[in-house]
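Got your viewer open and the side chains switched on? Let's walk through this one stop by stop, selecting as we go.

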Amino acid sequence: MLDPKLLRSNLQEVADRLASRGFALNFARIQALEEQRKTVQTRTEALQAERNARSKSIGQARQRGVDIAPLMANVENTVSQLNENKAALDKIQAELEAILLGIPNLPHESVPIGEGKDDNVEVRRWGTPRIFDFEIKDHAAIGAKFGWVDFETAAKLSGARFNFLRGPIARLHRALAQFMINLHTSEHGYEEAYTPYLVRAPALQATGQLPTFEEDLFKIAREGEDDLYLIPTSEVPLTNLAAGQILDAVQLPLKFVAHTPCFRSEAGASGRDTRGMFRLYQFDKVELVQIVEPSKSNEALEDLIASAERVLQLLGLPYRILALCTGDLGFSAFKSYDLEVWIPSQDKYRKISSCSNCGDFPARRMQTRFRNPAAGKPELVHTLNGTGLAVGRTLMAVLENYQEADGSIRIPPVLKPYMGGVDIIR
C-alpha cells in the first residue's frame, strides 16, 4: 500500500508515476474525498471540543446548584452531531482505503519506461543454446511417449490444466526441488520453511493479491468461519511470517525458502500456452523471500537474482535476464527482473523466475517494522521475493535441452545424486 500522506501531498506526481505503468489513478475522486475528509474531520474535532467544554460546564453548573437540564439537552444534541460526523468520516476513510488497496506500487526511478513485455530490457545472457542434429520434441511429447507425463488422466481427475507425473519424470521433478532447496539453504543463506497451503484473506491482502486479483485465486468458502484461499505462491505465507511485528535490526535480513505447490486460476489466460506444463492451475515453485532494512534492499535484489541464476548455471540451462519495464511490473513490485530459460521446441526464452523488490508496499499493509537506532523510532522494512525456480518449468527445460534422438533424457550431473546415480532416463 502506498503511503496515504504521499497521496495527500503529491497526488499529481503519484498519478504521473502510476500512468507510466499503465494505471489510471482516479485523481478526481481521491481529491474530492480528501476535501470531504478535511471538512468532516475539522467539524468532528470542533464538535469533540464543544462536547468536552459543555460536559465541563455541566459539572460546574451542578456544583452551583443550577438547573442542568438545558445544558444536558445541548450536550445530547452535540453528541448526536458528533456521532453523525464520525460515521461520515469513517465512510470517507473506508472509501479512501478501498481505493488505496487497488493502487499498485510506484515504479522505482531506475525502471525503464514501457507499455508491456515488448519493452522489457535485456540485461545479459548466459550459456549457448544447444544445436540439435535431430528433430526436436517438446516436453509434452517426450513425457507422453512412455506415459511419464499423463495429461489425459489428470484431465479425467481434475479437468484441463493439470498434469500427472509418473516414474522417472516424477522422480526428476522431486530431484529438481530438492536440489534447489539444498542449494539455497547450504550456499545462499536461506532458512527452509514448510508453510500452510491455505491462508486467510488478510495474508493475501498484505502481499497484494487481494482485493485486485481475487479472480485468480481458488477460494474455499466456509459458513461461520473465515474463507480460505489456496496459495498462489509461498511468497504469501513467507512474507507474512513477520506481519504485525517490530523486529530488531540485528534480526535482519530474514531469508526464507520454501517448496510448495501453487494454485492459480489463470483468469484471462485462456488460449495461451495450453499445451504441456507451461501454464497450469497447480504447479510447484521454490520461492525465496527476504525481509531487509530499506538501505539494503537494492543489494538484496541482486542477491535474489544471483541465487536464481546459480540454479540455472549448475543445471547447464541457457538463460537471459530482463529488466521489466514500468508497464510489465507486478502489482506490489517497484523493480523486477525476469529470468528466461531457453526452450528448444519454441526456439525462444521463456520465463522461469521473477525477482522483485517490493519496497515498503507490503510492509505498510502488514505493519511490519524494525527498530532503527539511527532513526529513533520503528521504520517499515522492505520485502523482496523471487522464484528459485519454478519446478515444472525447470523440468520442461531439462527434458527439452537434455533430450536425445532416441527419446532418452540425459541427467544433468548435479542431479545425479538425487536420481540414485542414474545418468540417463530411457
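Start by selecting F278 and R350: R350 lies over the face of F278, at 4.0 Å from the ring centre. Now add R393, whose charged end sits over the ring of F278, 3.7 Å from its centre. The rule behind both: a charge sits over a ring if NZ of Lys or CZ of Arg is within 6 Å of the ring centre and within 35 degrees of the ring normal.

A word on what you're looking at: this is a predicted model, where local features need pLDDT of at least 70 and side-chain atom pairs count only at pLDDT 80 or more, while totals for chains, interfaces and linings use all residues. Residues are numbered from 1 along each chain as its sequence is written, and side-chain values use heavy atoms, with hydrogens and water left out.

**Zoom out**

Show the whole cartoon. You should find 12 helices and 16 strands; these are DSSP runs (helices H or I, at least four residues; strands E, at least two), numbered from the N terminus. Along the principal axes, the C-alpha atoms fill a box of roughly 105 × 45 × 40 Å. Of the 426 residues, 48% count as buried, where buried means under 20% relative accessible area, exposed over 50% and partly exposed in between, with a 1.4 Å probe and protein chains only. Take the contacts (heavy atoms within 4.5 Å) between residues at least 6 apart in sequence: 73% of them join residues at least 24 apart.

**Helix α7 and its aromatic link**

Next, select residues 167-186, which is helix α7. The expected span of a helix is 1.5 Å times one less than its number of residues; for the 20 residues of α7 that gives 28 Å, and the end C-alpha atoms are 28 Å apart, so the two agree. Colour its buried residues, among them I169, L172, L176, F179 and H184.

How many aromatic pairs does the model have? The count comes to 10, taking rings of Phe, Tyr and Trp (its six-membered ring) with centres within 6.5 Å; planes under 30 degrees apart count as stacked, over 60 as edge-to-face and the rest as tilted. One of them is F179 with Y418, an edge-to-face pair at 6.3 Å centre to centre and 70 degrees between the planes. This pair links distant parts of the chain: F179 is in α7 and Y418 is in the loop between β15 (409-410) and β16 (424-425), 239 residues apart. F179 has a relative accessible area of 5%, so it counts as buried. For another aromatic stop, pick F162, F218 and Y281, which form one cluster.

**S307, back towards the same helix**

Select S307 in helix α10 (residues 297-315). Is S307 buried or exposed? Its relative accessibility is 2%, so it is buried. Leaving aside residues up to four places away in sequence, S307 touches H184, H188, Y190 and L288. You've already coloured H184, one of the buried residues of α7.

**Strand β9**

Jump to residues 319-323, strand β9: 5 of the 5 residues are buried, so the strand is largely enclosed by the rest of the structure. In a regular strand the side chains alternate between the two faces of the sheet. Here Y319, I321 and A323 point one way, R320 and L322 the other way, and all are buried.

Now bring up the partners; strands pair if DSSP finds at least two bridges between them. Strand β1 (residues 121-126) pairs with β9 in the antiparallel sense over 5 bridges, with R124 bridging to I321. Strand β10 (residues 335-343) also pairs with β9 in the antiparallel sense over 5 bridges, and there V341 is the bridge partner of Y319.

**Two three-strand sheets**

Select β6, β12 and β13, an open sheet in that order with mixed pairing. The edges are β6 (246-248) and β13 (378-380); each has a single partner strand, so one side of each is left without a neighbour in the sheet. β6 runs parallel to β12 (residues 369-371), joined by 3 bridges, and D248 stands opposite R371.

The other sheet has the order β3-β5-β4 with antiparallel pairing. β3 (198-199) and β4 (219-220) stand at its edges. β4 and β5 (residues 228-230) pair over 2 bridges, with K219 opposite Y229.

**Last stop**

Finish at D16 in helix α2 (residues 11-19). D16 is partly exposed, with a relative accessible area of 45%. Draw a distance to L106: the two C-alpha atoms are separated by 9.8 Å, with their positions 90 residues apart along the chain.
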